[in-house]
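Please read the following report alongside the sequence and the coordinates. It moves from confidence and overall composition to helix packing, the nonpolar core and the aromatic pairs.

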Amino acid sequence: DDKGSTLINTYQDGRGELPSFASKIWLDEAKNSLRAIIRHVNGRSYRSRVIGYVPISGISWEWMHFGAQHRNFVDYSAPFARAFQAWLKGEYGTPAALSAAHGSPYGDFSEVAVPKKEDRERNDGMFFLDPQKRRPLIDFRRFISQLIADDILGLARVVKEETGARALCGTYYGYVMYVLSPRWNETGHFAL
């Protein structure tokens with residue numbers, strides 16, 4: 001959380017340390033695990049009865065950021081902050097362009113922090129944000145969704161590579177119809 005704790009409330013009301021979806025180590029391990037499972041299945045007699053794979057992670061395995069259901073505003077880890085800064089660099093190109101869009105003077109992308117909880121709790125009218133006032137939060141929410149989508153696509157690519165594009169691949173993603181509060185705007189489901 002924004003106070004430095006690494007423990008978050010989990011789906012079944014426990015508390016634990018969970019991976020960051022921005023962690024390259026986590027994603028590489030997830031890809032390697034998926035690759036090993038597919039190779040195992042491909043080497044068995046029942047392989048012809050397996051028509052697809054469903055890469056899953058997050059709250060109830062539906063790719064929502066861990067903790068989002070309990071008003072935990074995550075992720076404040078170093079990999080997440082670096083990924084956000086890199087995403088902003090990709091979007092804006094220069095610190096000057098970012099400064100103009102965000103209305104804050106930045107000398108470098110590394111100066112941008114993950115927004116604090118009180119900023120992330122705000123909306124400007126139901127679930128909308130005013131782009132003139134809240135560009136940093138809009139960008140942050142866009143980043144969260146793009147991060148999840150990129151992780152899913154990376155795992156789906158493993159399925160296609162390992163099966164010669166013969167297996168189906170799907171997952172639980174795109175829950176947007178009931179997202180009416182700040183906490184649900186950060187589930188990561190808006191990059192369909």
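## Confidence and conventions

The protein chain averages a pLDDT of 87, and 83% of its residues score at least 70, where pLDDT is the predictor's confidence in each residue, from 0 to 100. Among the elements of the protein chain, strand 1 (residues 8-9) has the lowest mean pLDDT, 62, and strand 3 the highest, 98. Where pLDDT is low, the predicted coordinates should not be read in detail.

This is a predicted model, in which local features need pLDDT of at least 70 and side-chain atom pairs count only at pLDDT 80 or more, while totals for chains, interfaces and linings use all residues. Residues are numbered from 1 along each chain as its sequence is written, and side-chain values use heavy atoms, with hydrogens and water left out.

## Composition of the chain

The secondary structure of the protein chain comes to 5 helices and 4 strands, which follow one another from the N terminus as β-β-α-β-α-α-α-α-β. Helices (H or I, at least four residues) and strands (E, at least two) are DSSP runs, numbered from the N terminus.

Of the 192 residues in the protein chain, 41% are buried; buried means under 20% relative accessible area, exposed over 50%, and partly exposed in between, with a 1.4 Å probe and protein chains only. Among the contacts in the protein chain with a separation of 6 or more, 66% come from residues 24 or more positions apart, a contact being heavy atoms within 4.5 Å.

## Helix 2 and helix 3

For the 15 residues of helix 2, a rise of 1.5 Å a residue predicts a span of 21 Å, and the end C-alpha atoms are indeed 21 Å apart; the expected span is 1.5 Å times one less than the number of residues. The buried residues of helix 2 are F80, A81, F84, Q85, W87 and L88. They lie on the same side of helix 2 because they cover an arc of only 160° around the axis, the arc being that of the directions from the helix axis to the C-beta atoms. On the other side of helix 2, R82, K89 and G90 are exposed. The cover over the buried residues of helix 2 includes helix 3 and helix 5, and the helix is followed by G93, with a positive phi near 80°.

In helix 3 (residues 95-102), the buried residues are L98, S99 and H102. Their arc around the axis is only 100°, which puts them on the same side of helix 3, whereas the face turned away from that buried side carries the exposed residues A96 and A100. Helix 2 (78-92) and helix 5 (135-162) are included in what covers the buried residues of helix 3. From helix 2, L88 is in contact with L98 and H102, among other residues beyond four places in sequence.

## The nonpolar core

Which residues have the most contacts inside the largest nonpolar core? They are F21, W63, F80, F84, L88, F140 and F143, in a core of 36 residues. A nonpolar core here is a set of buried Ala, Val, Leu, Ile, Met, Phe, Trp, Tyr and Cys residues joined through side-chain atoms within 4.5 Å. The elements that give two or more residues to this core are helix 1 (24-42), helix 2 and helix 5, and helix 5 gives the most, with 12 residues.

Helix 5 has 28 residues and reaches 40 Å from its first C-alpha to its last, close to the 40 Å expected at 1.5 Å a residue. G164, which follows helix 5, has a positive phi near 60°.

## Aromatic pairs and S57

A search of the whole structure finds 9 aromatic pairs. Rings of Phe, Tyr and Trp (its six-membered ring) pair if their centres lie within 6.5 Å; planes under 30 degrees apart count as stacked, over 60 as edge-to-face and the rest as tilted. F21 and W63 form a tilted pair, because their ring centres are 5.5 Å apart and their planes stand at 40°. This pair links distant parts of the chain, 42 residues apart, with F21 in the loop between strand 2 (15-16) and helix 1 and W63 in the loop between strand 3 and helix 2. F21 is buried at 2% relative accessibility, and W63 is buried at 0%.

The rings of F84 and F143 have centres 5.3 Å apart and planes at 45°, so this pair is also tilted. It joins helix 2, which holds F84, to helix 5, which holds F143, across 59 residues. Both F84 and F143 are buried, and F80, F84, W87, F140 and F143 form one aromatic cluster.

S57 lies in the loop between strand 3 (52-53) and helix 2 and is buried, with a relative accessible area of 5%. Leaving aside neighbours within four places in sequence, S57 is in contact with F21, W26, E62, W63, M64 and F66.
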